[in-house]
Structures are given as structure tokens and as C-alpha cells.
Amino acid sequence: MMPTQNNDLLQLRAEIALTAARMIAQDGADYATARRKAARQVLGVDDPKPNMMPDDGQIEDEVRKYLALFGGPEHGERLAGLRATALQVMDALSEFRPYLTGAVLNGTAGEHDAIHLQLFADSAKEVEIYLLNRNVNIEISETPHFKGGRHAPVETVSFMWGKDDVHAELYEFQDLRGALKPRADGRLQRVDAAGLRALLRHDATLEQDE
């Protein structure tokens, strides 16, 4: 079969996705930074056309493949530990309706990844006061709203829980309805504590079967 422009485009996207995945797995880069740097490395330009860029789902698939090949048993142990810690934090913050998202949920968490939560509370101050009253040292920053740039960034509290970093985005109750919509590709965007417990049971069953 003769190569076509469309095939060339798909190949470029795949190469960018693979290069970005290595940066994420090896260096802990975020997806946006890794995609931008990978595009510059593969294409040699700083502002490629949007249709040349892989989406997060394609990069996520490549991260998963990379970890399956090179992560070894350490990857599984690290992921299990992060998920167990996430459940502890979610139980402690249960009154703020915590949901797990990000790499710890989708299984691509490596040695550089933190636990990412989304909380839905009456006010961000409630969460901050709750943590401070329990002698948890927090840092406050902002994170882009999961609904996109048309919405204001949300306050985020970062803290250590044991040996693991936790970043908790603080949303209003009204955002919860939008948060529960599934991704277009059917993958989980976020799970509550019950969902995470089910995921941990599933992981434990897989380990027993091996």
C-alpha cells in the first residue's frame, strides 16, 4: 500500500504520543508539557497544527504500554500503595464528597505522581480549616477547572499524607453534576470512595490469579 498523507499524520501523532509518554513516565512531566516538548522534538517546530497533536487518551495509552514494558513489579506496588493512601484520605475527607482522578485512578501513576482528588464542598475554607485543625500543613494554589477555560480556576490544597503528595481541587456542590458525566471514550474520569474500594478489590483478585 502506498503511504498517504493521512497515514503520515497518524504516524506523526503516534510518534509524538510515544515521546510524550516517555517524558511522563520517566520524568513526571504533565501531559500538556510533555505533548508540547514531544512535538518540538519530533516536528522541530514550536507551534504545530492542532491536527498533528495526539490527545490525552492516546498519550495515556502509550504511558500504560511503557509502564507495562519497563515498570516492572515496582510499578504495581507503587500504584497499589497510592490507591490505598488515596482511600485513606478520601475516608478522612468524606464529608466533602471526594473523588479520585488522574494517574492513580487510570493506572498510569509512576514514581513521580501524586494523588489527585476533587472535593465538592460549600466553600474552600471549610476544607482548609478541617485540615489545619488536624495539623495538616497545606499549600494553596489554583488548578484549571475540569470544565475548561470558560470557567474560573479552582483553589487547590496540597499536602503530604504519610509519604505521598496529595492535591485536592476544591469545587462547589453545583459542579458535581458535570463531574459525573462519563468521558467520550467511556473511560472513568473519577470515582468516589466506593468505586475506589471496588477497584482495589479487583486489583487484589488479579494478584491472586497470577
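The following legends describe close-up views of a predicted model.

**View 1. The largest nonpolar core of the predicted model.** This core holds 31 residues, of which L100, L117, L131 and F159 touch the most other members. At least two core residues come from each of the helices α4 (72-92), α5 (103-106), α6 (124-133) and α8 (193-209) and from each of the strands β2 (115-121), β4 (154-161) and β5 (164-172). The greatest contribution is that of α4, which gives 6 residues. Separate from this assembly is a second core of 15 residues, with I16, M23, A25 and I59 among its members. In soluble globular proteins, nonpolar side chains tend to be buried together.

**View 2. The surroundings of L117.** When residues up to four places away in sequence are not counted, L117 touches V89, M90, Y99, L100, V166, H167, A168 and E169. Both L117 and its contact L100 are listed with the residues that touch the most other members of the largest nonpolar core.

**View 3. Helix α4.** The buried residues of α4 are H75, L79, L82, R83, T85, A86, L87, V89 and M90. Two of these, V89 and M90, are touched by L117. For the 21 residues of α4, a rise of 1.5 Å a residue predicts a span of 30 Å; the end C-alpha atoms lie 31 Å apart, so the two values agree.

**View 4. The largest pocket.** The volume of this pocket is about 1,200 Å³. Its lining comprises 36 residues, and those closest to the pocket centre are Y31, D56, T101, G102 and E169. Of these, E169 is also a contact of L117. Sorted by class, the lining contains 16 polar, 10 nonpolar and 10 charged residues. Helices α2 (31-43), α3 (56-70) and α5 and strands β2, β3 (139-143), β4 and β5 each provide at least two lining residues.

**View 5. The loop residue R97.** R97 is situated in the loop that links α4 and β1 (99-101). Although R97 is not a glycine, its phi is positive, at about 50°. R97 counts as partly exposed because its relative accessibility is 44%, a value in the range between the limits of 20% and 50%.

**View 6. The loop residue N135.** The loop between α6 and β3 contains N135. N135, a residue other than glycine, has a positive phi near 60°. The relative accessible area of N135 is 71%, so this residue is exposed, the cut-off for that class being over 50%.

Conventions: Residues numbered from 1 in each chain as written. Predicted model: local features only at pLDDT ≥ 70, side-chain atom pairs only at ≥ 80, totals over all residues. Heavy atoms only, no water. Core = buried A, V, L, I, M, F, W, Y, C linked by side-chain atoms within 4.5 Å. Buried < 20%, exposed > 50% of the residue type's maximum accessible area, 1.4 Å probe, protein only. Helix = DSSP H or I, 4+ residues; strand = E, 2+ residues; numbered from the N terminus. Contact = heavy atoms within 4.5 Å. 1 Å grid on protein atoms, 1.4 Å probe; cavity = no way out; pocket = protein on both sides within 12 Å on 5 of 7 lines; lining within 4 Å. Points joined across faces, edges and corners; volume = space filled by probe spheres on them. Nonpolar A, V, L, I, M, F, W, Y, C, P; charged D, E, K, R; others polar. Expected span 1.5 Å × (residues − 1).
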